[in-house]
Structure formats: C-alpha cells, structure tokens
Amino acid sequence: MAGTFLLELVSPEKLLLSRQVEMVVIPAAEGEMGVLPGHVPAIVSLRGGALRVYEGGQVTETLFVPAGFAEVTPERVTVLADEATPVAELSRAQADADVAKAEAAYTAAAAESPEKREEAMDRLLAMRVKKDLATAA
Amino acid sequence: MPSLKSLRLRINSVKSTKKITEAMKLVAAAKLRRAQQQAEAARPYAERMARMLGALGAAVAGEPEAPKLLVGTGKTDTYLLVVVSAERGLCGPFNTNVSRFARNRIRDLEAAGKTVKIMSVGRKGAAYLKREFRDRFVGEVSFANQKRITFDDASSVAASITTQLEDGAFDVCELIYNRFVSVISQTPSAQQLIPAEVPESGAATAQYEFEPSEEEILTKLLPRNLAIQVYRALLESGAGFYGSQMAAMDSATRNAGQMINKLTLNYNRTRQANITRELIEIISGAEAV
C-alpha cells in the first residue's frame, strides 16, 4: 500500500479534519484532482463539489465544499474551504432553497460587471452540485 | 448624622448592586471562555491562509498588474480607518481605550495632511468618535442584536471595504481594534489591511504550480484574506470585551463589598450612639426626680 500524507481541512470557523490519508480527490477549478503522496507542490482554487477522502482503498469520507483553495505539497494537503458539510448531513430541502437563492442572485447580477456575474454563476453551479449530492445521498 | 432607616436602605441597595455585578462577572467569565474558543478555532485557517498568501505573494511580487488589494493604489492620500469596538458598555476602559487610540491616530493623520474616513464596527466606539468626527463617517456596522459573530458578518464588512476600494474612495485601509493579549489585558492596536502585508514566506519556498493562474487565484484569495483578518479582529475584540467586562465587574463587586462594610460599621455606630443617648436621658431624668 502506498504511503500516506497529512490532510488538513479548515474552515474559517474551525479545523474540520487533520489526519493521515492515502488519497484525496479535490474538486479543483479545472476538474477533479486526485492527490496521492508526493504530489508536485501546487496551489489550486476550488469550485463547488465533493471532496473525497480515501483510506484503505475506500472512500471513507465525502464532504461538500462550496468554494475555497487548496495547497498541495509532497507531504501535506491543506484545504481552505468556506465551509464543509458531510454529504450525509446535506438536506434536500436546504439544497433546493440554496439553488433558488443562487438562481435569484444570478438573475439579479445580470446587469452587473462580468466578474460579479461570474461569481454568481460559480455560486449557482456549486449549489446545483450540492443539490445533486443531497439527492444522491 | 444620617438616620438609621436611610442607612439601612443604602446598605440594601449596595447589596443588590453587588449581587448584580457578581452575576455579570460570572456571565462574562462564561462568555469569555466561549469567545476565546471561537477565536482559537479561527486561528488554523488564518495561519494557513497566511502561508498560502506568502507563497502567492512571492510569485506575483513586482508585477505591474498586481491586484489593488495587495499593493494598494500607490498613493497614501486617503485613509480608511475601520474601528472595532464593543456593542455594550459596563466593561471598564475597553471602549474608551480603543476610541481614544483611534482619535489620536486620526489627529496624527490629519496633521500630516491626509484625508481620513471612518467606518465603525460596534456602537460604542461610533458614539464616541461621532462627537468629534461626525463628518468623516462613511459607514457604520453594528452586530448588537446577534449573539455571536459569524464569518459571514466579517465577510460583509470586508466586502464593503473592497467595494470602496474599487470606487477609489481610499488608498490605505487600517483596522483599529483591541488586541487580546490576555484575559486582563487588551491593547488597542492598528493593523494595515490594504495594501496587504504579505507574510514572509519561509526559507526555500517550493516552486508551486498554480491552477488556474496566479492572478486568478490571487483575486479570489485576497478578498478572503481581508475577510479573515476582519473576522479575527472581531473575535479578538469580542473576547477582549468579555475579559474587560469580567475585570470591571470583579472590581465593582469588591468595591461594593467594601462599601457595605463601611456602611454597616456606620450603621452600628449610629445605633449604639442612639442607645447611649437614650440611656443618658433616662438616667439624668431619674436623677432629677
């Protein structure tokens, strides 16, 4: 079995996860990214999606992160998430409400600057992923 | 000499004051613990954010197109001071200290010919500063009806700072708040937010790959960094408030205790004097017969 590395998942309000894992799949801005020990140092931004933690060849934890950043070094991965919710705790109704809110924000941002529109779009996409995850769970 | 009745009333009133201050002290102590925990929980994120920013800052340093949040506007004419104070009083010199610190800073800056704008967070500091600098106020935020400060609150403050920067309303932004040194000591201090103080990245920085580009990550990371700085200041100020309130209530309780002792002594003396006087009256009456 391959070695392990330290995965840290922090939100502004607390340190959510800090332990040795074998692999983690990060929802990076340009596609999902599987990280194994000894990865090239990288800093990536995240889009909304599921963060999967692998231990013993199995997914042991799946968390939804709406946005954030990750710092990857050969021996450590630090994920700075705005928030993180275990998929099992997502509620369908809440996700529906969030999608509706994001859609409204996106419509409202139509007249704004392109950056604002893009931000609203990202948010909307993140919420749709959240809803999908909630539905699947 | 005050009558026995009025003394008795005063003793009772001081006693109930003491009960109140004692209760407030206990409440402040409990809330202080929670506020400290919250402040500690926020630390890992801030530390890692600083580390990441150090790596990114080193990568884009010296580029002409660096974001405004990082390098500022290149001028130092207009200052925006964000003053963080408490929502409530009864906390000793907590609010006065931070407000006086802000006042001195404003005077220094204005003496140096700078334009100053004020944004206040918390009612108490706003009330103090408005007496002198009402026309410099550009924004006021209050979390008076919230039990705890969340990251979203800090984000909204940070967003309003960013908007003002984009409108070119100021060149330099400073955050003035009570830094939490220990439970009994809070020092007002100023921290520069914009241009951002990029932490020195440690020796031998690894060559990072960036996805997407450095600039894109930086434009997302910087507002977040601003929010986390504000959040930290809010939490520290919150913890400091309870620390200061606890100290103030502790000394108030002690003072009340001393006052009760003094009044009780006075009360007993007066009572004794009354008895003695009555005895003298009776005896001299009996002798006269």
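Two residues are in contact here if their C-beta atoms, placed from the backbone, lie within 7 Å. Helices (H or I, at least four residues) and strands (E, at least two) are DSSP runs, numbered from the N terminus. This is a predicted model, where local features need pLDDT of at least 70 and side-chain atom pairs count only at pLDDT 80 or more, while totals for chains, interfaces and linings use all residues. Residues are numbered from 1 along each chain as its sequence is written, and chains are lettered from A, ligands numbered from 1, in the order in which they are written.

**The sheet in chain B**

Let's start with chain B, which has an open sheet of five strands in the order S3-S2-S1-S4-S5, with mixed pairing. Two strands pair if DSSP finds at least two bridges between them. Strand S3 (137-141) and strand S5 (185-194) of chain B each have a single partner strand and stand at the edges, so one side of each has no neighbour in the sheet. Ignoring direction, neighbouring strands are turned by 20° against each other on average. Further in, strand S1 (residues 78-84) and strand S2 (residues 115-121) of chain B run parallel and are joined by seven bridges. In that pair, B:Thr78 stands opposite B:Thr115 in S2(B).

Helices lie across this sheet too. Helix H3 (residues 94-111) of chain B lies across S1, S2, strand S4 (172-182) and S5 of chain B, at about 150° to S4(B). H6(B) lies across S1, S4 and S5 of chain B, at about 40° to S4(B). Axes are lines fitted to C-alpha atoms (for helices, over the stretch in contact), and angles run from 0 to 180 degrees between N-to-C directions.

**Two helix pairs**

Two packed helices are described by the angle between their axes and the distance between the axes.

| Helix pair | Angle | Axis distance |
|---|---|---|
| H1(A) (residues 92-108) and H2(A) (residues 114-136) | about 160° | 9 Å |
| H5(B) (residues 151-166) and H6(B) | roughly 125° | within 8 Å |

The first angle makes H1(A) roughly antiparallel to H2(A), and the second makes H5(B) oblique to H6(B). For these words, angles under 35 degrees count as roughly parallel, over 145 as roughly antiparallel, 65 to 115 as roughly perpendicular and the rest as oblique.

The contact of H1(A) with H2(A) has ten nonpolar, one polar and eight charged residues. In the contact of H5(B) with H6(B), the split is eleven nonpolar, two polar and no charged. Ala, Val, Leu, Ile, Met, Phe, Trp, Tyr, Cys and Pro count as nonpolar, Asp, Glu, Lys and Arg as charged, and the others, Gly among them, as polar.

**Domains of chain A**

Chain A is divided into domain 1 (5-87) and domain 2 (90-136), with bounds from an automatic or database domain assignment. Their C-alpha centres lie 22 Å apart. Nine residues of domain 1 are in contact with eight residues of domain 2.

**Where the chains meet**

Now for the interface: 22 residues of chain B are in contact with 20 residues of chain A. On the chain B side, helix H1 (4-60), strand S6 (209-211) and helix H6 (214-288) each supply at least two residues. H1(B) gives the largest share, nine residues. By class, this side of chain B has 17 nonpolar, one polar and four charged residues.

Strands pair across the chains as well: strand S5 (residues 42-46) of chain A and S6(B) pair in the parallel sense over three bridges. There, A:Ala42 stands opposite B:Glu209.
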